[in-house]
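Visitor: I'm new to this one, could you walk me through it?
Guide: Gladly; here it is, and we can begin with a term that will come up again.

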Amino acid sequence: MPPQKVNFNDKLGLFTEQWTPKLISEINDHDLKIVRIQGEFVWHHHDNTDECFIVLSGTMIMQFRDREVTVGAGEMITVPAGVEHNPASKEECTLLLIEKRGTVNTGSATDDDRTVEKPERL
């Protein structure tokens with residue numbers, strides 16, 4: 001299949017639910033996912049993989065046990081493997097996530113209602 005461009009806004013227009021990542025592409029052994037967030041997620045970590053959060057719109061607050069980092073549209077933050085974190089946003093925020101293939105969104109908090117083991121592909 002020939003390469004296809006992906007428009008983030010078009011893909012984000014296909015769903016409204018929050019905290020439910022959608023797979024939009026793959027590169028090597030990593031997934032590229034988009035997600036809508038608002039409120040607080042769940043404290044968790046990923047033992048064996050880093051996570052990259054790129055803010056497409058809005059503002060995300062990445063909470064760590066010892067501090068918070070505010071990440072605005074056009075900015076990103078990478079959370080190293082093993083670091084406990086909790087993404088949050090006061091207003092709706094949209095993100096592009098880059099994660100190792102097969103990464104579960106809730107990581108170590110697998111009993112959370114928002115766990116998505118296999119994201120829908122858009």
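Guide: A residue is called buried when its relative accessible area is under 20% and exposed when that value is over 50%, and partly exposed describes what lies in between. Please keep in mind that this is a predicted model.

Visitor: Okay, so is Glu120 buried, exposed or partly exposed?
Guide: Glu120 has a relative accessible area of 44%, which means that it counts as partly exposed.

Visitor: And which residue does Glu120 form a salt bridge with?
Guide: Glu120 forms a salt bridge with Lys22, and the closest N and O atoms of the two are 3.0 Å apart. Lys22 belongs to strand E1, residues 22-27, while Glu120 belongs to strand E8, residues 120-121, so this salt bridge ties together parts that are 98 residues apart in sequence. Lys22 has a relative accessibility of 3% and therefore counts as buried.

Visitor: How many salt bridges does the structure hold?
Guide: The structure holds eight salt bridges. One of them pairs Lys33 with Glu99, where the closest N and O atoms are 2.6 Å apart. That pair links distant parts of the chain, since Lys33 is in strand E2, residues 30-40, and Glu99 is in strand E7, residues 86-100, with their positions 66 residues apart in sequence.

Visitor: Are those two buried or exposed?
Guide: Lys33 is buried, with a relative accessible area of 2%, and Glu99 also counts as buried, at 2% relative accessibility.

Visitor: What else does Glu99 touch, if I skip residues up to four places away in sequence?
Guide: With those set aside, Glu99 touches His30, Asp31 and Glu51, as well as its salt-bridge partner Lys33. The side chains of Glu99 and Lys33 also make a polar contact, at 2.6 Å.

Visitor: Which residue meets Arg36 in a salt bridge?
Guide: The side chain of Arg36 meets that of Glu92 in a salt bridge, with 2.7 Å from N to O. Arg36 lies in strand E2 and Glu92 in strand E7, so the pair ties together parts that are 56 residues apart in sequence. Arg36 counts as buried because its relative accessibility is 14%, whereas Glu92, at 33%, counts as partly exposed.

Visitor: Which residues are linked in a network of salt bridges?
Guide: Glu26, Asp31, Arg101 and Arg121 are linked in such a network.

Visitor: Switching topic, where does Met60 lie?
Guide: Met60 lies in strand E4, which covers residues 59-64. Met60 has a relative accessible area of 0%, so it is buried. Leaving aside neighbours within four places in sequence, Met60 is in contact with a number of residues, including Ile37, Phe53, Val55, Val69, Ile77, Cys93 and Leu95.

Visitor: And how far is Met60 from Glu92, which you mentioned earlier?
Guide: Met60 and Glu92 are 32 residues apart in sequence, and their C-alpha atoms are 8.8 Å apart in space.

Visitor: Last topic, what is the volume of the largest pocket?
Guide: The largest pocket has a volume of about 160 Å³.

Visitor: Which residues line the largest pocket?
Guide: The lining of the largest pocket is made up of Met1, Pro2, Pro3, Gln4, Val6, Lys11, Ile24, Ser25, Arg121 and Leu122. By class, that lining has six nonpolar, two polar and two charged residues. Arg121 is therefore a name to look for twice, as it is in the salt-bridge network and also lines the largest pocket.

How values were computed:
Residues numbered from 1 in each chain as written. Predicted model: local features only at pLDDT ≥ 70, side-chain atom pairs only at ≥ 80, totals over all residues. Heavy atoms only, no water. Helix = DSSP H or I, 4+ residues; strand = E, 2+ residues; numbered from the N terminus. Buried < 20%, exposed > 50% of the residue type's maximum accessible area, 1.4 Å probe, protein only. Contact = heavy atoms within 4.5 Å. 1 Å grid on protein atoms, 1.4 Å probe; cavity = no way out; pocket = protein on both sides within 12 Å on 5 of 7 lines; lining within 4 Å. Points joined across faces, edges and corners; volume = space filled by probe spheres on them. Nonpolar A, V, L, I, M, F, W, Y, C, P; charged D, E, K, R; others polar. Salt bridge = Lys/Arg side-chain N within 4 Å of Asp/Glu carboxyl O. Polar contact = N/O pair within 3.5 Å; in protein donor to acceptor, adjacent residues only side chain to side chain.
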